Amino acid sequence: MYKDKKICVVVPAYNEGSQIAGVIETMPEYVDAVVVVDDASIDDTVRVVKECRQGRADLVLIEHEKNQGCGGAVISGYAWAAERDFDVVVRMDGDGQMNPDDLTSLIDPVATGAVDFAKGNRFFSGKAYEVMPKLRYLGTAFLSLLTKIVSGYWHLSDFQSGYVAIGRKALDTVDWQQMYTRYGQPNDQLILLNVYNFKVKDVPVDPVYHVGEVSGIKIKKVIFTLGWLLVKRFFWRLKEKYIIRDFHPLVFFYALGLSLGGFSLLLFLRVFFVWFTSGHIPTINAFAAFSSFIASAQFTLFAMWFDMEANKHLRPGDPDA
């Protein structure tokens, strides 16, 4: 128990035979249950976990017959914890990149009811640029900017961090079977939480790298798959949150902004086509292109501002919450 709350830690693991024992052995004593979800590993992960289970009633092993991705492992762990009425459920990956010393910082705001969900942020420490691989750091920063727009959580950053703690209400409310199961699952999880208006907080955590972990991320593939996921989920969130569950005129601003943006692109293409083929710039065409572009930018920025205001109450400590 931690502050009279039952704590469960879900550990998704895929081929973490060299790291998983260290993760299990360094788990704080106040954790009531540790659930390792093996995602069809082909190394000795399962054997190592079973050895660690000897003499421990708090360590549970769930084995996937087929690989379901890290998100699929998280879903299985969430389902197990929800059935047993845990108050706070933490995700801590099996690769040793999540410092157990940061666990209380994540649990505290959820256990006290200040927020529904707490997320680790590796950027707060100022060490991330030095410790993280440079390409990973830049990619994470760029994806954080995009996910702010897509998720509606404008006050958050480092959306790729999977070190999170979730309270019982959010765990029971969201249909986690809808969550994306591959790389991008942390982004998608926040989009789902935003639709239900759950309050989320960023918590400083230490970036941990070079501890023997092996990354299976393929950058070229991730760019397209995660980019497409964010585009789809952006429109899905607008539909679910601002049309179906409640109505907000920002959908009209986004619709006009995106429509005019597409129209201005066509007009600019025609300007350049006429310029290259005839040698002169069509004045009216150019004026229309610039006008539609400016209008598109204004409508889109107003839509973002409306979205930011609509989600302001989801910031921890906001006076209007």
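Modeller: Before we start, contact here means heavy atoms within 4.5 Å. This is a predicted model, where local features need pLDDT of at least 70, side-chain atom pairs count only at pLDDT 80 or more, and totals for chains, interfaces and linings use all residues. Residues are numbered from 1 along each chain as its sequence is written, and side-chain values use heavy atoms, with hydrogens and water left out.

Biologist: Is Thr300 buried or exposed?

Modeller: Thr300 sits in helix H11 (residues 283-310); helices are DSSP runs of H or I with at least four residues, strands are E runs of at least two, and both are numbered from the N terminus. Skipping residues up to four places away in sequence, Thr300 touches Phe253, Tyr254, Gly257 and Leu258. Buried means under 20% relative accessible area, exposed over 50% and partly exposed in between, with a 1.4 Å probe and protein chains only. Thr300 has 16%, so the word is buried.

Biologist: Which helix gives the most to the largest nonpolar core?

Modeller: A nonpolar core is a set of buried Ala, Val, Leu, Ile, Met, Phe, Trp, Tyr and Cys residues joined through side-chain atoms within 4.5 Å. The largest one has 49 residues, and Cys8, Val89, Tyr153, Trp176 and Leu193 touch the most other members. With eight residues, the top contributor to this core is helix H9 (residues 219-244).

Biologist: And in E3, which residue is the bridge partner of Val36?

Modeller: Strands E2 (residues 33-38) and E3 (residues 59-63) run parallel, joined by five bridges; a pair needs at least two bridges found by DSSP. In E3, Val36 is partnered by Leu61.
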